[in-house]
Amino acid sequence: MDLTEQQIERYSRHILLQQVGYEGQLKIAQGKVLIIGAGGLGAPAALYLAAAGVGTIGIIDADVVDITNLQRQVIHHTPDIGVPKVTSAANKIAEINPDVRVIQYHSWFNPDNALQIISDYDFIIDGTDNFPTKFLINDACVMVGKAFSHGGILRFEGQTFTHIPGTACYRCIFPKVPPKNLVPTCSQAGVLGSIAGMLGTIQATEALKYILGIGDLLTNKLLVFNALNMQFRTVPVKKNDNCPVCGTNPSITELVMEEQAVCELKTK
Amino acid sequence: MIHTIDITKEHCPMTFVKTKIKLAQIAQGDLLEVTLKAGEPLENVPRSAAEQGFIVLETKQLHDDVYQVTIQK
C-alpha cells in the first residue's frame, strides 16, 4: 500500500511527526475503529478519526438526530434532524475524507450483536450514555480481547480510561451497574456541550496512539477532569484478580444487558 | 547506495515531508542527496533531518540559489 501525492499532502502534518511518519500514516489507513454511539463523544471522535485517515470506521447507533442533540453532537447539523445518526455521521465523514470506509449499524449495541461486531475492529470507542451498554462494551471487549476507550461525561466533568488485554477493565473499577435512579443520565443532568468534545477527542487520540503503537495509553489509570476549574487528574487503578469478568475466576461468562433506570425525559 | 530527490518546487513543510518519505523508503546507511533552494528549505530541511535522527553529511552549492544536502539514513 502506498499513499498518493494528494494523500501525502492531506496527511503531511502527521508525516512530519517523528512518531508517525509515512509508515505511521499507513498504519492509520489500515486501522479499524468502532464507535459505539454517534452522540456527544462519538461525534468528535468520528470527526477526528475520519480527518486522521483511519481506514475503516464503524458506527453503531439506533437513534435519529434530535434538535436537543445539536448543542454537543457536532457531527450532526440542523438539516439532519430526523435522519438516522449513523447516516448523518457517515455523510459528514464522506465530506471530510473520502478515503474512509464507513460501516453503519443502525441498531443498538446488544448482547446478540456485540461479539460479532467488535471482532471486525482493532479498537472500540465507548461513546454511550448509559451504564448497561458501558458494561456490555467492557464485557464484550474483555471476552474477545479487544482494546477500548471508556468515556463518560456529566455536567462539567468527564472521565476516561483505556483498556487493552491484561490491564484493568471497567468492572475492575466499577464491579456492577449502579442502582436504579442513583446516577442520572445526561439527559436528566445536563452537560456543557464542549465537554463532549474534550472527552471524545481524548478517546480519538487514544485510538490513534493504539493504532500507531506510540506513547503511553491511559491503561491502569482513570483520567478525570472538571472543566469548571479546568483540573485534570489521573487516578491509578489496578487490575482486580477478583474482577467478575477479567479476574482469575470470572462469574460473568456470557453477555447480558443489565438493568438500569429508564431516563424519564425519554419516556415522556 | 545513493538516492536523489529534488524538492526545489516544494514549499514548507512539504519540503521536509517529501524528504522524510524518501528517507523512509531507502535502506539504513544509504545516502540521500536532496536538491533544494536556498533560504527556508536550506535552513530547515537539514535541521529537521538531524532532529529526527538522520545524519547531515554535506551541504554544497550547485548553482545560484540551488543547493545539495547529503543526508545519511
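## Exercises on a two-chain model

Ile35(A) touches Gly42(A), Ala45(A), Ala46(A), Ile57(A), Gly58(A), Ile59(A), Ile125(A) and Gly127(A), once its neighbours within four places in sequence are set aside. Keep in mind that this is a predicted model. Now let's work through it.

**Exercise 1.** Find out which residues have the most contacts inside the largest nonpolar core.

*Solution.*
- Step 1: Start with the core itself, which has 64 residues.
- Step 2: Pick out the residues with the most contacts inside it: Val33(A), Ile35(A), Ala46(A), Leu49(A), Ile57(A), Ile59(A) and Ile124(A).
- Step 3: Ask where the largest share of this core comes from; helix H10 of chain A, residues 193-212, supplies nine residues.
- Step 4: Look for a second, separate core, and you'll find one of 15 residues that includes Phe16(B), Val17(B), Leu36(B) and Leu42(B).
- Step 5: Fit this to a general pattern: in soluble globular proteins, nonpolar side chains tend to be buried together.

**Exercise 2.** Describe the fold of chain B and work out how its radius of gyration compares with the globule rule.

*Solution.*
- Step 1: List the secondary structure of chain B: two helices and four strands.
- Step 2: Put the elements of chain B in order from the N terminus, and you get β-α-β-α-β-β.
- Step 3: Compare two values: chain B has a radius of gyration of 11 Å, and the globule rule gives 11 Å for 73 residues, so chain B is as compact as a globular protein of that length.
- Step 4: Add the span of the C-alpha trace of chain B along its principal axes, about 30 × 20 × 20 Å.
- Step 5: Check burial: 27% of the 73 residues in chain B are buried.

**Exercise 3.** Work out which elements of chain A touch chain B.

*Solution.*
- Step 1: Count both sides of the contact: nine residues from chain A and eight residues from chain B.
- Step 2: On the chain A side, helices H1 (5-10), H2 (12-15) and H3 (21-30) each bring at least two residues.
- Step 3: H3(A) gives the most, with three residues.
- Step 4: Sort the chain A side by class, and there are four nonpolar, three polar and two charged residues.

**Exercise 4.** Decide how H3(A) and H1(B) are oriented towards each other.

*Solution.*
- Step 1: Read off the geometry: H3(A) packs against H1(B), residues 14-25 of chain B, at about 85°, with the axes 8 Å apart.
- Step 2: Angles of 65 to 115 degrees count as roughly perpendicular, and H3(A) and H1(B) are therefore roughly perpendicular to each other.
- Step 3: Name the residues that meet: Gly21(A), Tyr22(A) and Glu23(A) on H3(A), with Lys20(B), Ile21(B) and Ala24(B) on H1(B).
- Step 4: Sort the residues of this helix contact by class: three nonpolar, one polar and two charged.

Notes
Residues are numbered from 1 along each chain as its sequence is written. Chains are lettered from A and ligands numbered from 1 in the order in which they are written. This is a predicted model: local features need pLDDT of at least 70, side-chain atom pairs count only at pLDDT 80 or more; totals for chains, interfaces and linings use all residues. Two residues are in contact if their C-beta atoms, placed from the backbone, lie within 7 Å. Ala, Val, Leu, Ile, Met, Phe, Trp, Tyr, Cys and Pro count as nonpolar, Asp, Glu, Lys and Arg as charged, and the others, Gly among them, as polar. The radius of gyration is taken over C-alpha atoms; the globule rule is 2.2 Å times the number of residues to the power 0.38. A residue is buried if 20 or more other C-beta atoms lie within 10 Å of its own, exposed if 12 or fewer, and partly exposed in between; C-beta atoms are placed from the backbone. A nonpolar core is a set of buried Ala, Val, Leu, Ile, Met, Phe, Trp, Tyr and Cys residues joined through C-beta atoms within 7 Å. Axes are lines fitted to C-alpha atoms, for helices over the stretch in contact, and angles run from 0 to 180 degrees between N-to-C directions. Angles under 35 degrees count as roughly parallel, over 145 as roughly antiparallel, 65 to 115 as roughly perpendicular and the rest as oblique.
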